[in-house]
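Colleague: I should be grateful for a close look at one part of this model, with its strands, contacts and aromatic rings treated together. Please state the cut-offs as you go.

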Amino acid sequence: MQKRLWLCVLWLSLLPAALIAQQRVTEDFRDQPLSEVFQVFEQKYGLSIAYDAAAVAPHSLSLQLEGEPVVQALYRVLEASGMEYRTLAADKILVRPKVPNSSEPVESNLLSGVIRDAATQEPLPFASIHWVGQEIGDCSDTQGAFRLSLPKVDTPIVLEVRYIGYESKRVTYTPGLPLPDLSLKPAQVRIPEIVVVEMPPGLSANGGDQFYTIRPGAQLPGLGSQLDPFRQLQLLPGVGAHNDFSSGLQVRGGMPDENLIVWDGMILYDIDHFFGIFSSVDGNLLESVRLYKNSFPAEYGGRTASIVEMASPEDLPDQTTGSATLSNLMLQGNIAVPLGDRMSLTGGGRMTHSNLGTSSLFQAFSQQLDLPGREDESPLLDRLIRVQPAFRFHDAFVKWRWQVSEKTTLEANAFSSSDTYDYEYGFDFRQRLREEVILSQSLVAENSTWQNQAWSGRLQHEWDDRWSSALTIGGSRYEEAERTITSFRRVLEDTVRAFGTDNLRYNDLTGLHLNWKNTWQPQSGATYTLGYRMEHNATTLDLENDDLPIRSRASSGTQYALYAGGQYESGPWDWSWASHLTWYDRTQQPYLSPRLRARYRWSDQWSANASLSRYHQFLRRYYHENRFGRSVAVWELANEAAVPVAHANQATLGLQFTGGVLSWEVGGFFKYTEGSLQHAALISGLGTAGDPGPRNREFRLFSGDGRDYGAEVLIRKAGDRYSSWLSYTLSRSLQRYPAAFQNEWFPTQEDRPHQLSWYHEYRVNGWAFSATYVHASGAPFLDTSLDGFRNEREQGAPDYYQRIAAYHRLDLSAAFTIPLKGSELTFGASVYNLADAPNTLYRQQFYGIDLPAPNLPNRTAVLGNELQLLGRTWSVWGRWAW
């Protein structure tokens, strides 16, 4: 065989070779750069691949692997990508582009045989054999057989046989005599040192299936040293990043409840810690997070905005590893322990080590009072007279995994989180009206708790190379309780008016779910999915306003669903279909959720996609607005009579370019939702001067439609040291209700026409730096101080909506890692909102009382509420990992 010039070699370390050979690969690569494919094999399966980055940069790959042995899977990847390979040692593979065959002298001696496992005598597919000292060799086929052409020689020659996970073997072959035994023994070699040459990308996009994948561990910690996957998801196009007090996802105008969040088979209903400043999911426990904004996989139903799939590491650890982090806000720790050769236990948790109510973060919750009006109505004094906050939270996760056999895996997962909040404050407020001074005094006491519990059990089995099944069963619960006591006193001349309210909100949501998924791959380029899903939910809701019950509900319901789907690749086309049929017992009706997606590739770099889909949501979370104008979210099951099932019709169209270093995509979306909900009083405000009590106690659940549309742009730059992505969204989010604003369209709180996020990361010599910039248009608010405003919602007009100032935020972070023997120590610091931008979450009416004055018509004093977001906030931390 002709001599060839091998390319530059980059070595990565290998997991124990004996374990590598036993692993099976299940991956779905969709137009993924070949370098990223190699990184998957290196990071997840422990291979060590040598290649030249420039040589593989032009290549991308679309290939589905279902439970194939790791070596066979890698060789399929190389064959499909037009690359050649050579096994240099038991732990190293050399890769290079194929070189066209050239004319060579005919070699007459043909040597053939079978390479086997010495212990089992099973053939070893794709093993290498070569003549030592000569560039002559071959690779065995799927049955371990090889054919080696040798020149006519009379002297003995030395042959070397290599296979990943096995000890290499040299034998001496004498022409004319029988071939010596070529059986290989499993290797027991361990590589003690890990040399990381290139970091895996923190963000990757799959244009074919329309999802993004982030790796939380690849990102720098943010506020409070936390690797927060939901804060990272908020930096993607179409996802709002303008609310410091919510880690929930507002995807294309949707609310957080419209996202199905699944963590290792567990369903999480709420993921907020500390009012959403942090999420309750610790990114240190995750390997990857996948976000579907459309084209949901066939097995998922019951949500209308997105699917979030979170996965913890699946590899069985060969030794105990873990980390511990101490920051100025909390403690965090995680550990992974092997329980023999086929079993492991992993877990982690976080807790506050002090009262967060006394931290600098809590300053963001101080009320900013505003009194719109003329100069002679300006306030004289605003004095905060009492503040007594207290806040603590914790969360914990545990995972048990058992590799029963090469084809069967069993695991159990559990998660819990809890937040407790107490807050009491009071203020005096003086206002001048002509020659009189009006004194208003208010005292508010609030106690809140909310908590999550979830568990799951999963059984996965491969029946053969084409069939596999996965059975998941799990349970979830979310409970929140809040009591707010408000007293108000007003003194005008010699008249004193006083009243108090006691508001209660209790919400309990439980769920039990089962999913049985079967996957069949009859041939290359075609995959079919078939399964059954069941989800049972029960909710309890109690709302009290002004000491009177206004809404009390207890309900339960079950969804039974059959689903099927198919995915195909044919030439430049890649398309899929799915159908999810749900029977909902509360309405006794079926609901069909069809999904279609198509993709066309002009080349390895250029592609376009389109999709159409319809989704339904039976578990609803809507906003209740009390008479103070404060909105809180509550859960309730749909029944069509009072709470409608939500329906969302979606369409997308996009164009992608995938390069070796720079990639970008642009697309448009349209979403129409039927069944948007809002619970509010028919008349806002408190009362009149003679009667400060409520003028109308009637609350109504408003039901209407939603309309969201826009364009999204994502530009990604990947590199060994520096990586970045920029996302921009131009969109509108509107709603209309027949019983409000004369059924005209008006902006929602998520209507931010312009949203931009720009993330940067740089790593060098143990240092890691990051910078994030976020911009969003200001949120709309109903300006009740404008002339002509009417409190009656039916007669109101969207013309009274104004916008607060735009949102701006710049975050910086730096960390330095010191390698120690068998461990490493990292110190870091970050600053959130470096410029201390005065961002406002919302502005709304707090309460209003008519103030009669001599010779003047009645005027309504509007006392406003602005919730300011986080100012400049510093965090420092230290982490020890072993």
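Modeller: The account below begins with one buried threonine and then follows the strands, rings and helix elsewhere in the chain.

The model is predicted, so local features need pLDDT of at least 70 and side-chain atom pairs count only at pLDDT 80 or more, while totals for chains, interfaces and linings use all residues. Residues are numbered from 1 along each chain as its sequence is written, and side-chain values use heavy atoms, with hydrogens and water left out.

Thr826 is found in strand β47, residues 823–832; helices (H or I, at least four residues) and strands (E, at least two) are DSSP runs numbered from the N terminus. Thr826 counts as buried because its relative accessibility is 10%; buried means under 20% relative accessible area, exposed over 50% and partly exposed in between, with a 1.4 Å probe and protein chains only. Leaving aside neighbours within four places in sequence, Thr826 is in contact (heavy atoms within 4.5 Å) with Ala815, Phe816, Thr817, Trp877, Gly878 and Arg879. With Thr817 there is also a polar contact between the two side chains, at 3.0 Å. A polar contact is a pair of N or O atoms within 3.5 Å; within protein, one must be able to donate a hydrogen and the other to accept it, and residues adjacent in sequence count only if both atoms are side-chain atoms. The C-alpha atom of Thr826 is separated by 9.2 Å from that of Gly766, which is 60 residues apart along the chain.

Phe816, one of the contacts of Thr826, also takes part in a ring pair with Trp767. Rings of Phe, Tyr and Trp (its six-membered ring) pair if their centres lie within 6.5 Å; planes under 30 degrees apart count as stacked, over 60 as edge-to-face and the rest as tilted. By this rule the count comes to 26 aromatic pairs. The rings of Trp767 and Phe816 have centres 4.8 Å apart and planes at 40°, so this pair is tilted. The pair links distant parts of the chain, with Trp767 in strand β43 (residues 767–776) and Phe816 in strand β46 (residues 807–820), 49 residues apart. Trp767 is partly exposed at a relative accessible area of 39%, and Phe816 is partly exposed at 27%. Elsewhere, ring pairs link Trp467, Trp520, Tyr528, Tyr568 and Trp575 into a cluster.

Gly878, another contact of Thr826, lies in β50 and stands opposite Leu326. Strand β50 (residues 873–881) pairs with β20 in the antiparallel sense over five bridges; two strands pair if DSSP finds at least two bridges between them. Strand β20 (residues 321–327) also pairs with strand β21 (residues 330–338), antiparallel and over six bridges. Thr321 has Ala336 of β21 as its bridge partner, and a hairpin of two residues joins β20 to β21.

For context, helix α2 (residues 34–45) has 12 residues, which should span 16 Å at 1.5 Å a residue; its end C-alpha atoms are 16 Å apart, which agrees. The expected span is 1.5 Å times one less than the number of residues. Because 10 of its 12 residues are buried, α2 is largely enclosed by the rest of the structure. Just after α2, Gly46 takes a positive phi of about 75°.
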